[in-house]
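This briefing is meant to be read beside the sequence and the structure shown below. It is grouped by topic, beginning with one lysine and its surroundings.

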Amino acid sequence: MSDSSDSEGQVPHVERKIPNILVTGTPGTGKTTTSEMIAGATGLTHVNVGDLVKQKQLHEGYLEEFDTHILDEDKLIDELEEIMEEGGKIVDFHSCGIFPERWFDLVLVLRAETNVLYPRMEKRNYNQRKITENIECEIMQVVLDEARESYAEEIVIELPSNDIHDMESNVERVQQWVDIYKANHA
Ligand code: DAT
């Protein structure tokens, strides 16, 4: 008698040959810079979700008070679904619970100390309210908790991103991980 289970009793699924990685964290923790560097080192494609939302109008308007767009989650998921199926994407976004769990093989949560995050946000001319909210969010590890609630424990990795040394070491680590993933899924 045969069934659809493998030897460990789990339903087998088709795995991506090239992984999808989510890079998340509070604004200013270095998601975009790190994602670009990972893309350069691995050949994976960087998808900047914030830019995509603005370009393709995947929002329901702009909230002046919070200096942010109101995301249309359904439109965003529809927009990304096909390209995520291809694999090889580095998705860069400050929130992570909205995406389907099945999309990602690795979830990186970038973290930064308040004293480095504050000037990064000031440089971006964020208003005081937005800076305070984001600093509180970082201190309370809101994005890390969201990632741990949304994805399997073993794929969520917290990475410090305080200086260039952290960034380079993070990129190197991810590059090694991608090489191993590819070798295991060839
Ligand atoms: P995010 O995409 O998370 O909002 P970013 O990549 O745009 O962040 O970085 C914001 C600024 O901070 C940018 O000028 C680069 C700098 N930065 C980020 N992470 C850094 C790090 N680990 N070392 C040095 N500078 C960093």
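## Briefing on the predicted model

In this predicted model, a polar atom of the lysine 31 side chain lies 3.2 Å from the backbone oxygen of threonine 26. The points below take up the annotated binding site to which lysine 31 belongs according to the UniProt record, and then turn to salt bridges, cysteines and a buried asparagine.

**Annotated binding site and pocket**

- An unreviewed UniProt entry places the feature "binding site" at Gly28, Gly30, Lys31, Thr32, Thr33 and Arg124, and the lining of the largest pocket takes in Gly28, Gly30, Lys31, Thr32, Thr33 and Arg124 from this set.
- Lysine 31 lies in helix H1, which spans residues 31-42, and this lysine counts as buried because its relative accessibility is 8%, where buried means under 20%.
- Leaving out residues up to four places away in sequence, lysine 31 touches Val23, Thr24, Gly25, Thr26, Asp92, Phe93, His94 and Leu110.
- Arginine 124 is found in the loop between helix H4 (114-123) and helix H5 (128-139), and with 46% relative accessibility this arginine counts as partly exposed.
- With residues up to four places away in sequence again set aside, arginine 124 touches Pro27 and Gly28.

**Salt bridges**

- The count of salt bridges comes to eight, and one of them joins the side chains of glutamate 81 and arginine 102, with N and O 2.8 Å apart.
- Because glutamate 81 sits in helix H3 (residues 73-86) while arginine 102 sits in the loop between strand E5 (89-92) and strand E6 (106-111), this pair ties together parts that are 21 residues apart in sequence; arginine 102 is exposed, its relative accessible area being 52%.
- Glutamate 158 and arginine 111 form another salt bridge, in which the closest N and O atoms are 2.9 Å apart; glutamate 158 belongs to strand E7 (residues 156-160) and arginine 111 to strand E6, so parts 47 residues apart in sequence are tied together.
- The two partners of that bridge fall into separate accessibility classes, since glutamate 158 counts as partly exposed at 37% relative accessibility, whereas arginine 111 counts as buried at 15%.
- Glutamate 158 also meets arginine 148 in a salt bridge between side chains, at 3.8 Å from N to O, and this pair links distant parts of the chain, with glutamate 158 in strand E7 and arginine 148 in helix H6 (residues 142-150), 10 residues apart.
- Arginine 148 is partly exposed, with a relative accessible area of 48%, and salt bridges that share partners join Arg111, Glu138, Arg148 and Glu158 into one network.

**Cysteines**

- Why is cysteine 96 not bonded to the closest cysteine sulfur? That sulfur, in cysteine 137, is 10 Å from the sulfur of cysteine 96, which is too far for a bond, because a disulfide needs the two sulfur atoms within 2.5 Å.
- In keeping with this, a search of the whole structure finds zero disulfides, and cysteine 137 is in no disulfide.
- Cysteine 96 is buried, with a relative accessible area of 0%, and cysteine 137 is also buried, with a relative accessible area of 17%.

**A buried asparagine**

- Asparagine 170 lies in helix H7, made up of residues 164-184, and at 3% relative accessibility asparagine 170 counts as buried.
- Apart from its neighbours within four places in sequence, asparagine 170 is in contact with Leu110, Leu159 and Pro160.

Definitions and conventions. Residues are numbered from 1 along each chain as its sequence is written. This is a predicted model: local features need pLDDT of at least 70, side-chain atom pairs count only at pLDDT 80 or more; totals for chains, interfaces and linings use all residues. Side-chain values use heavy atoms; hydrogens and water are left out. Buried means under 20% relative accessible area, exposed over 50%, partly exposed in between (1.4 Å probe, protein chains only). Helices (H or I, at least four residues) and strands (E, at least two) are DSSP runs, numbered from the N terminus. Contact means heavy atoms within 4.5 Å. UniProt positions are given in the numbering used here, feature names are shortened, and annotations may be inferred rather than shown by experiment. On a 1 Å grid over the protein atoms alone, a cavity is a set of points where a 1.4 Å probe fits but cannot get out, and a pocket is an open set with protein on both sides within 12 Å along at least five of seven lines; lining residues have an atom within 4 Å of a point. A polar contact is a pair of N or O atoms within 3.5 Å; within protein, one must be able to donate a hydrogen and the other to accept it, and residues adjacent in sequence count only if both atoms are side-chain atoms. A salt bridge is a side-chain nitrogen of Lys or Arg within 4 Å of a carboxyl oxygen of Asp or Glu.
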